[in-house]
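Subject: Structure handover

Hello,

Here is the structure I promised to pass on. Please open it first, then read my notes below.

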Amino acid sequence: MKYLKTLLYVFLGLSINFNLLAQNKVVTIKTERNSDKSIDFYYEKTLPGSYYIIIEFNRLENANKSTFKKVVKHYSGKLFNIKPIDENRGISFSYKFKYSIGEPNPKVDSLFQYTLPFKRGSEVGVMLNKNFFGEEFLESEKKPSWYSLKFFSKSTDTVLCTRKGVVVKIRDEYNDNSKNGKIVTTKSNSITIEHADGTLANYYGFKKGGIIVKLGEKVYPHTKLGLVKKYNDKYSFIFRQFYISDNKTIYNEDRKLKDIAKGKKYVIPYFKTSNGSEQLESKKIYTVEFNEDVFFKEFSKREKKKYLKSLKN
């Protein structure tokens, strides 16, 4: 009887794990057979933003197709169609697919000027790491391409957006973002924002329930993102900017978060400060500078006109 109870608990545990994996899956692929024996492939995704999908055929009979790659931006759509070589026979196949948030190898403006993430006139401190926060922040092996910025302020707990974009991911589940007074990104409430040039920005360290923006929301320089906690008399959070560099970034849904870092290219951004446009140095204090030119930098004339009109209504 005890043996049977043990098996039952194992079965229930596995069922719960499988359900959790299914719930977390962002992209799903569906196929549809047509009357002409061709097959259509469709996708659906649950989150906004760009996703890079790769479909590889393990087995394909009576058709020619090896690998399919595409960046998708909508919540659903058609990927491709495969037709039979012999129109009198059907197609037999099996496949696997993988995906990643973002667009591989985008054209990045390395000189683009970002805004500092606190209100105008605030003094902002910076700590940076050009290698890897590794053991301290991700609890994994070191990788040479890592770049992170830790911002802190004594006067404000509200984090502001550094650039125009779309909120593509929100994580808001942890009561505490720290370990021995330091932010741990794998267990941190966070926001991911996708920019027009294909780069993505991660903001880590928000209070639970303190995130102000919503999924799919368009944000602008100095849009309020959320509230962060105070550590050692300072409000602080971690900022990372990256883009997908190659196919190695693709990951399956059941892989751990720390493995996703492989294949990313981290951007060392320039920020608008009272000194002009500059790359930030560690252990220095900067004064936030902000004006209309910075705010409207990525607006078209039509977008600017529409935005200014919306403020009057």
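Helix α4 covers residues 301-312 of this predicted model. The helix has 12 residues and spans 17 Å from its first C-alpha to its last. That is close to the 16 Å expected at 1.5 Å a residue. Is α4 buried or in the open? Of its 12 residues, the number buried is 0, so α4 lies largely in the open. One general point helps when you look along a helix. In an α-helix there are 3.6 residues a turn, so residues three or four places apart point the same way.

Next, the aromatic rings. The count comes to 31 aromatic pairs. Take Phe 118 and Phe 237. Their ring centres are 5.9 Å apart and their planes meet at 75 degrees; an angle over 60 counts as edge-to-face, so this pair is edge-to-face. The pair links distant parts of the chain, with the two positions 119 residues apart. Phe 118 sits in the loop between β7 (113-115) and β8 (123-129). Phe 237 belongs to strand β19, residues 234-244. Both Phe 118 and Phe 237 are buried. They are also part of a cluster joined by ring pairs. Its other members are Phe 112, Tyr 114, Phe 151, Tyr 203, Phe 239 and Phe 271.

Two lysines lie over rings. The charged end of Lys 45 sits over the ring of Tyr 75, 5.1 Å from its centre. Lys 164 lies over the face of Phe 299, at 4.7 Å from the ring centre.

Lys 164 and Phe 299 turn up again in the lining of the largest cavity. How many cavities of 30 Å³ or more does the whole structure hold? The search finds 1. The volume of the largest cavity is about 50 Å³. Its lining includes Phe 112, Gln 113, Thr 115, Pro 221 and Val 294. Two elements, β7 and α3 (292-295), give two or more residues each to that lining. By class, the lining residues divide into 5 nonpolar, 3 polar and 4 charged.

Now the second largest pocket. It holds about 250 Å³ of space. Lys 164 lines this pocket, and so does Glu 298. Both residues also line the largest cavity. Among the other pocket residues are Gly 49, Ser 50, Lys 73, Glu 194, His 195, Lys 218 and Glu 303. The pocket lining has 2 nonpolar, 4 polar and 6 charged residues.

Three loop residues are worth a look. Thr 46 is in the loop between β2 (39-45) and β3 (51-61). Thr 46 is exposed, with a relative accessible area of 53%. Its C-alpha is 8.9 Å from that of Thr 28, and the two are 18 residues apart along the chain.

The other two are asparagines. Most residues other than glycine have a negative phi. Asn 62 has a positive phi, near 70 degrees. Asn 105 also has a positive phi, about 50 degrees. Where do they sit? Asn 62 lies in the loop between β3 and β4 (67-72). Asn 105 lies in the loop between β6 (92-101) and β7. Which is buried and which is exposed? Asn 62 is buried, with a relative accessible area of 9%. Asn 105, at 52% relative accessibility, counts as exposed.

Best wishes

How values were computed
Residues numbered from 1 in each chain as written. Predicted model: local features only at pLDDT ≥ 70, side-chain atom pairs only at ≥ 80, totals over all residues. Heavy atoms only, no water. 1 Å grid on protein atoms, 1.4 Å probe; cavity = no way out; pocket = protein on both sides within 12 Å on 5 of 7 lines; lining within 4 Å. Points joined across faces, edges and corners; volume = space filled by probe spheres on them. Nonpolar A, V, L, I, M, F, W, Y, C, P; charged D, E, K, R; others polar. Phe/Tyr/Trp six-rings, centres within 6.5 Å; stacked < 30°, edge-to-face > 60°. Helix = DSSP H or I, 4+ residues; strand = E, 2+ residues; numbered from the N terminus. Buried < 20%, exposed > 50% of the residue type's maximum accessible area, 1.4 Å probe, protein only. Lys NZ or Arg CZ within 6 Å of the ring centre and 35° of its normal. Expected span 1.5 Å × (residues − 1).
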